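Trainee: I am new to this structure. Could you walk me through one helix and the terms used for it?

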Amino acid sequence: MTNRETLRAARDALLDLHKELVDITRRNYEVENGPISNAEFLMLLLNDSNFRWLRRFSGLLIEIDEILSQKDGIAPATIARSMEKLRLIADVEAETGDFIEKFKAALASSAFAARSFTAFKAKVN
């Protein structure tokens, strides 16, 4: 597997995890606050401080998508930096604060999220 393919596989695993975390977060929000439209949820994801922890995943996915869209090849150092950022997300024991509390709660609430996280870690380690 090439470095580019490794990065793409890790990105795809992060996307699966991110989708599950977003779905869990929306379900939890709607249980407490009632149903919301997709547009309302998007605004919460973008602007509400309670959803800030998910932006770490979103931002990295966007960054990696931009890298992978390059037509002229990707410098090995660029791939290495992206893989290191992915590894930092996988290393939850090094985290503190609000991010890790919400992340661990989401993982604990969904077997699928926990499996997605395990699959993600396997792709980056």
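Mentor: The buried residues of α4 pack against α1 (3-33), α3 (52-68), α5 (98-109) and α6 (111-124). This is a predicted model, where local features need pLDDT of at least 70 and side-chain atom pairs 80 or more, while totals for chains, interfaces and linings use all residues. Residues are numbered from 1 along each chain, and side-chain values use heavy atoms, without hydrogens and water.

Trainee: What makes α4 a helix here, and what span is expected?

Mentor: Helices are DSSP runs of H or I, at least four residues, numbered from the N terminus. α4 (residues 76-90) has 15 residues. The expected span is 1.5 Å times one less than the number of residues. α4 reaches 21 Å from first C-alpha to last, close to the 21 Å expected.

Trainee: Which residues of α4 are buried?

Mentor: Thr 78, Ile 79, Ser 82, Met 83, Leu 86, Ile 89 and Ala 90. They cover an arc of only 130 degrees (directions from the helix axis to the C-beta atoms), so they lie on the same side of α4.

Trainee: Why is Glu 93 called exposed?

Mentor: Buried means under 20% relative accessible area, exposed over 50%, partly exposed in between (1.4 Å probe, protein chains only). Glu 93 has 63% relative accessibility, so Glu 93 counts as exposed. Glu 93 lies in the loop between α4 and α5.

Trainee: How far apart are the C-alpha atoms of Glu 93 and Asp 72?

Mentor: They are separated by 37 Å, and the two residues are 21 residues apart along the chain.

Definitions and conventions
Helix = DSSP H or I, 4+ residues; strand = E, 2+ residues; numbered from the N terminus. Contact = heavy atoms within 4.5 Å.
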